[in-house]
Amino acid sequence: MMGPETPLRIAGPADIGPVTRLIAGFRDFLADDSPTNAEIEATVGVLLRDRSTEFLLVGDPEAGFVQTRFRLSVWTGNEDAWLEDLFVDESARGKGYGRTLVEAAVERARSRGCDRIQLDVNQANEPAVKLYESCGFRPVHNPEKWGSSPDFFYTREIQRQQEPALRAAVELA
């Protein structure tokens, strides 16, 4: 189980190496051969300087990441958050890093005034589906709109009051 000593931080431009390594690990986990490491590194370099994108890293050395994207929603009039990617290296699974990253992403979204955070996940990825549901995400699947897509769409409404236990963990300067 994780404790307050678990390193959790916002990635900056100097973290291009660890973020690239972890995204390449995610690509390999998905049994894909693209993008290349060089393509990942180039894109990560741009995203690390983008105000609407945030990477959180967990572990020392870094063993997992979550990428969150922020955008203004015409439907709410506020920013929404999109949990783009979450990955924990296989050697570090079972330590609570995934849950820590999800909850930290929710807290970061809350701190930016977001009303909700959304994601999609492949229905065959049962551990991820269970994690997201246990973290308060609820499926929003419309078969008439999306057919029999193997991806589930999840939303978690964000209350404006921060949970005190997580506040300190996500106040990552």
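User: Is Arg110 buried or exposed?
Analyst: Happy to start there, with the reminder that this is a predicted model. The relative accessible area of Arg110 is 8%. Buried means under 20%, so Arg110 counts as buried.

User: Which residue does Arg110 meet in a salt bridge?
Analyst: The partner sits in helix H3 along with Arg110, three residues apart, so about one helical turn separates the two. That partner is buried as well, with a relative accessible area of 0%. The N to O distance in the salt bridge is 2.2 Å, and the residue that Arg110 meets is Glu107.

User: How many residues apart are Arg108 and Glu54?
Analyst: Their side chains meet in a salt bridge at 3.0 Å, N to O. Arg108 belongs to helix H3 (residues 97-111) and Glu54 to strand E2, so the pair links distant parts of the chain. The two residues are 54 residues apart.

User: Is Glu54 buried or exposed?
Analyst: Its salt-bridge partner Arg108 has a relative accessible area of 16% and is buried. For Glu54 the relative accessibility is 9%. With the cut-off for buried at under 20%, Glu54 counts as buried.

User: Why does Arg69 count as partly exposed?
Analyst: Arg69 forms a salt bridge with Asp50, with the closest N and O atoms 4.0 Å apart. The pair links strand E3 (residues 64-72) to the loop between helix H2 (37-47) and strand E2 (53-58). Asp50 is partly exposed at 24%. Partly exposed lies between under 20% and over 50%, and Arg69 falls there because its relative accessibility is 27%.

User: How many salt bridges does the count come to?
Analyst: The pairs above are among them, including Arg69 with Asp50. Salt bridges that share partners also join Arg9, Asp15, Arg21 and Glu62 into one network. The count comes to ten salt bridges.

User: At what angle do H3 and H4 pack?
Analyst: Two packed helices are described by the angle between their axes and the distance between the axes. For H3 and helix H4 (residues 126-134), the axes are 10 Å apart. H3 is oblique to H4, and their crossing is right-handed. The packing angle is about 45°.

User: How many nonpolar residues does the contact of H3 with H4 have?
Analyst: From H3 come Gly98, Arg99 and Val102, and from H4 come Leu131, Tyr132 and Ser134. Val, Leu and Tyr count as nonpolar, whereas Gly counts as polar and Arg as charged. By class there are two polar residues and one charged, and the nonpolar residues number three.

Terms used:
Residues are numbered from 1 along each chain as its sequence is written. This is a predicted model: local features need pLDDT of at least 70, side-chain atom pairs count only at pLDDT 80 or more; totals for chains, interfaces and linings use all residues. Side-chain values use heavy atoms; hydrogens and water are left out. Helices (H or I, at least four residues) and strands (E, at least two) are DSSP runs, numbered from the N terminus. Buried means under 20% relative accessible area, exposed over 50%, partly exposed in between (1.4 Å probe, protein chains only). Axes are lines fitted to C-alpha atoms, for helices over the stretch in contact, and angles run from 0 to 180 degrees between N-to-C directions. Angles under 35 degrees count as roughly parallel, over 145 as roughly antiparallel, 65 to 115 as roughly perpendicular and the rest as oblique. A crossing is left-handed if the near helix is turned anticlockwise from the far one by less than a right angle, and right-handed if clockwise. Contact means heavy atoms within 4.5 Å.
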